[in-house]
Amino acid sequence: MPDPHTALDGLLDLLDLERIERDIFRGQSRSALVPRVFGGQVAAQALVAAGRTVPEDRHAHSLHAYFLRPGDPGAPIVYNVDRIRDGRSFTTRRVVAVQHGQPIFHLSASFQTYEEGLDHQADMPPAPDPESLPTPEEMLPRHLPREVADRLIEARAAVDLRYADVPPWGSVGQPREPRSQVWFRTNGKLADDPLLHVVLATYVSDMTLLDSILLAHGRGGWAVGDVVGASLDHAMWFHRPFRADEWLLYDQESPTASGGRGLGQARIYTQDGRLAISVIQEGVVRVPR
């Protein structure tokens, strides 16, 4: 099994982009569980590129993105940043990720200086203590062939991600309520840079958000080959400060699926109950013929 701390160092290196010009960055790619670049990687790298053109006192409060083409894991990705607006309180950036001369991903992100304001939130739902849940190394081999489980463990080794209930590929053929919960945190401490914690949460947010769609239909997903899927678009709102190296509850649900697409929506809470992030994603979800 991969060493978790080594895996986290590798992920941080992956997200540390090379600056080519003032607003042009280059990121590396690596193989994912499917023959394309993991969507969370591209979104996280694009947010890094945007954040490096923004004053340090302005923090990301939202992003909206479209996945345009599958990324090639064997080639670097170039990120072009447009400085759309620099206002007194808000800064807006647009990022286009390019491979082989074609755009593969488009991101718009907004950053804001800190200010006081009205404050309320939805209550955190009940959830088991993350420390009481099985680790990935304990849980995945129970439900997947050893080779598939090992690949999934390796791909997610930088993150301690624990399912509160049986995941989709552990209950194939048993439709149930389209809701799922996972706890996650990085496998090691992170620096105090707020952008880094937002970037790591963005990376993880693409791992399980569409699971609730599968649950509604008793499908297991890529791991068992009973659906074909890919992210189409992704939106996040960052409400309150959080640390990605401390437990975060990812409470996910799917309100609808139709037309070969499914919608996932979620809230991410800190362990002490603060609503930190809202997430919405639509993806392609097709049953193979």
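Before I start, one term: when I say two residues are in contact, I mean they have heavy atoms within 4.5 Å.

Hi everyone. What you see above is a predicted model, where local features need pLDDT of at least 70, side-chain atom pairs count only at pLDDT 80 or more, and totals for chains, interfaces and linings use all residues. Residues are numbered from 1 along each chain as its sequence is written, and side-chain values use heavy atoms, with hydrogens and water left out.

Let's take the overall picture. The protein has 6 helices and 12 strands; these are DSSP runs, with helices (H or I) of at least four residues and strands (E) of at least two, numbered from the N terminus. Its C-alpha trace spans about 55 × 45 × 40 Å along the principal axes. The radius of gyration is 18 Å, which agrees with the value near 19 Å for a compact globule of 289 residues. That radius is taken over C-alpha atoms, and the globule rule is 2.2 Å times the number of residues to the power 0.38.

Now, contacts again. Of those with a separation of 6 or more, 73% are between residues 24 or more positions apart. As for burial, 48% of the 289 residues are buried. Here buried means under 20% relative accessible area, exposed means over 50%, and partly exposed is in between, using a 1.4 Å probe and protein chains only.

Let's zoom in on R162, in strand β7, residues 159-163. Is R162 buried or exposed? With 8% relative accessibility, R162 counts as buried. Its side chain makes a polar contact of 3.0 Å with the side chain of D160. By polar contact I mean a pair of N or O atoms within 3.5 Å; within protein, one must be able to donate a hydrogen and the other to accept it, and residues adjacent in sequence count only if both atoms are side-chain atoms. Setting aside residues up to four places away in sequence, R162 touches P130, E131, L133, P134, T135, Q181, V182, W183 and W247.

One of those partners, Q181, takes us to strand β8, residues 179-186. Q181 is also on the buried list, since its relative accessibility is 15%. Its side chain reaches the backbone oxygen of P126 at 3.2 Å. Beyond four places in sequence, the contacts of Q181 include P125, A127, R162, Y163, L249 and Y250.

Over to the helices. G39 lies in helix α2, residues 39-51, and is buried at 11% relative accessible area. Which residues does G39 contact, leaving aside neighbours within four places in sequence? They are F67 and D206. G39 and F105 are 66 residues apart along the chain, with 9.0 Å between their C-alpha atoms.

For contrast, look at R142 in helix α3, residues 136-143. R142 is exposed, at 57% relative accessible area. Its side chain reaches the backbone oxygen of E138 at 3.2 Å. The C-alpha atoms of R142 and G170 are 8.1 Å apart, with the two positions 28 residues apart in sequence numbering.

Last stop: H100, in the loop between β5 (90-99) and β6 (102-113). Most residues other than glycine have a negative phi. H100 is not a glycine, yet its phi is positive, about 50°. H100 counts as exposed, with 61% relative accessibility.

That's my tour, thanks for listening!
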